[in-house]
Amino acid sequence: MDYDNETKKFDCSRGCVVERTDEGELNCTYRQGCCKQEVYNWLQGVRQEQFKDYFEVRFKNTRKGIYINTSGQSIKTGDLVIVEAANGHDLGIVTLEGPIVARQMACRRIDPATTEFKKIYRKAKIFDIEKWQEAIAREHETMIRSRQIAAELGLEMKIGDVEFQGDGTKAIFYYIADGRVDFRQLIKVFAEEFRIRIEMKQIGARQEAGLIGGLGVCGRELCCSNYINSFQSITTSAARCQDLSLNPQKLAGQCGKLKCCLNYETAAYIDAQSRIPKVSAPLEFEDGLAYLMKTDILKEVMYFSYEQGSFANLYPLAASEVKEVIRMNRNGEKPESLKSEPAPAIPEFISAVGDDSITRFDDTRKKKRNGQKRNGRAGQNGGRNRQGNGNAQGNGQGGNRNGQNNRNSQGNRNGKTRPQNQ
């Protein structure tokens, strides 16, 4: 939770703001956009009778479900409701209503005709919210203590998060483990320590990163904590087709697995590679053999050199022209020269507003003024230097004359006079 002041708390894991009034009453309001993996209701205001009783109820982090309203009360988005649970009841926040819920059921492959939905009992009362907040306050302390107990028992696992049920009688422990873990002794110790029902739920490294959150190397929020609900398998072939360096430190994300963003541009690279021919041998020209040195996949340009293994003189050739040269070589024909080939016309990215210049924010007027000031100062300093040189020259001549007079007077005192004219 993030604290704004002593009375207001922002619970971003559930997407709500908890505030206690001056009278001591506890208010909990839904804060849209705060919770993770929020779904935008682009059908807001549209009503359909067949889906009027279906609502999406969100709990902590990414746990949410579709519930049916059997209470007879009027429920809308943002209401805190008491819902059916496996044991007891839970408290959640209504995040979606209307036809958009049908879209979510279609995405999750839920058939309303055959699925048995859990029920919404009623709206939450002040007593329910108080009990819910007391259970939430125990989560962090319970997580720290559960990690200590798991370490004492020597279990190779990591407890990433703890979520209490709304009535405070059950807790879900999210953990990560590479292998199989025996929970028989652990659950007994947890039940004696916390006096609640225990549910252990194993998650992967990517799910843990989505629960905890963070910032990626791109400077944006982690995709797994922002919008990714289903994780697809990622292999190193996605990096190979994009000509990326197979460096595990650069390709791995904060979860230690391959970055999910490697799959974003894979389809575009595969489509571009389908139009690039495979060059297994050097191309034959009249002035020699041309060896393939590198390929720009997205621009569909291939660079050749007449010297094998040398990147000094590279000649670009479009992929379509390379196909034509390969066809000519198979027929025994050789083009004239690669050096005479013009550079292929490749569309470059052009900014619409001209903001690609790094000096666009510099003020040229200040530069001119500063240059004029520097020139004026340089002229003054030059005059001072010339004046100083003249003074120094005059002083030097006077010093020479004074020194000569001093030598003459010293000679007269010693009684040794020099004849001036002989």
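**Notes on helix packing and ring contacts in a predicted model**

1. The buried residues of helix H3 pack against four elements, namely helix H2 (126-137), strand E10 (158-164), E11 and H4. The coordinates come from a predicted model, and the remarks that follow should be read with that in mind.

2. Helix H3 itself runs over residues 139-152 and thus has 14 residues; from its first C-alpha to its last it reaches 20 Å, close to the 20 Å expected at 1.5 Å a residue. Its buried residues are Glu139, Thr142, Met143, Ser146, Ile149 and Ala150. They cover an arc of only 125° around the axis, which puts them on the same side of H3. An α-helix has 3.6 residues a turn, so residues three or four places apart point the same way.

3. Which residues of H3 are exposed on the other side? His140, Glu141, Ala151 and Glu152 are exposed there. After the helix comes Gly154, a residue whose phi is positive, near 75°.

4. A comparable reading can be made for helix H9 (residues 266-273), in which Thr266, Tyr269 and Ala272 are buried. The arc they cover around the axis is only 130°, which puts them on the same side of H9. Helix H7 (237-240) is included in what covers the buried residues of H9.

5. Turning to the aromatic side chains, the count comes to eight aromatic pairs. One of them joins Tyr54 and Phe117 in an edge-to-face arrangement, with 5.1 Å centre to centre and 70° between the planes. This pair links distant parts of the chain, since Tyr54 belongs to strand E5 (residues 54-58) whereas Phe117 lies in the loop between helix H1 (99-107) and strand E9 (118-123), 63 residues apart. Both Tyr54 and Phe117 are buried. Ring pairs also bring in Phe51, so that Phe51, Tyr54 and Phe117 are linked into a cluster.

6. How are the rings of Phe173 and Phe190 arranged, given planes at 25°? Their centres are 4.9 Å apart, and because planes under 30 degrees apart count as stacked, the pair is stacked. Phe173 lies in strand E11 (residues 170-176) and Phe190 in helix H4 (residues 184-194), so the pair ties together parts that are 17 residues apart in sequence. Phe173 counts as buried at 0% relative accessibility, and Phe190 likewise counts as buried at 0% relative accessibility. E11 and H4, the elements that hold these two rings, are also among those against which the buried residues of H3 pack.

7. Two contacts between a charged side chain and a ring deserve a separate entry. The charged end of Arg63 sits over the ring of Phe59, 4.2 Å from the ring centre. Lys294, for its part, lies over the face of Tyr303, at 4.9 Å from the centre of that ring.

8. For the chain as a whole, there are eleven helices and 16 strands. Of its 422 residues, 35% count as buried, while the area that the chain exposes is about 27,800 Å², with carbon and sulfur atoms supplying 46% of that area. Where contacts join residues at least 6 apart in sequence, 56% of them join residues at least 24 apart; the pair of Tyr54 and Phe117, 63 residues apart, is described above as one link between distant parts of the chain.

Definitions and conventions
Residues are numbered from 1 along each chain as its sequence is written. This is a predicted model: local features need pLDDT of at least 70, side-chain atom pairs count only at pLDDT 80 or more; totals for chains, interfaces and linings use all residues. Side-chain values use heavy atoms; hydrogens and water are left out. Buried means under 20% relative accessible area, exposed over 50%, partly exposed in between (1.4 Å probe, protein chains only). Contact means heavy atoms within 4.5 Å. Accessible areas come from the Shrake-Rupley method with a 1.4 Å probe; for residues, only the protein chains shown count as cover. Rings of Phe, Tyr and Trp (its six-membered ring) pair if their centres lie within 6.5 Å; planes under 30 degrees apart count as stacked, over 60 as edge-to-face and the rest as tilted. A charge sits over a ring if NZ of Lys or CZ of Arg is within 6 Å of the ring centre and within 35 degrees of the ring normal. The expected span of a helix is 1.5 Å times one less than its number of residues. The arc is that of the directions from the helix axis to the C-beta atoms.
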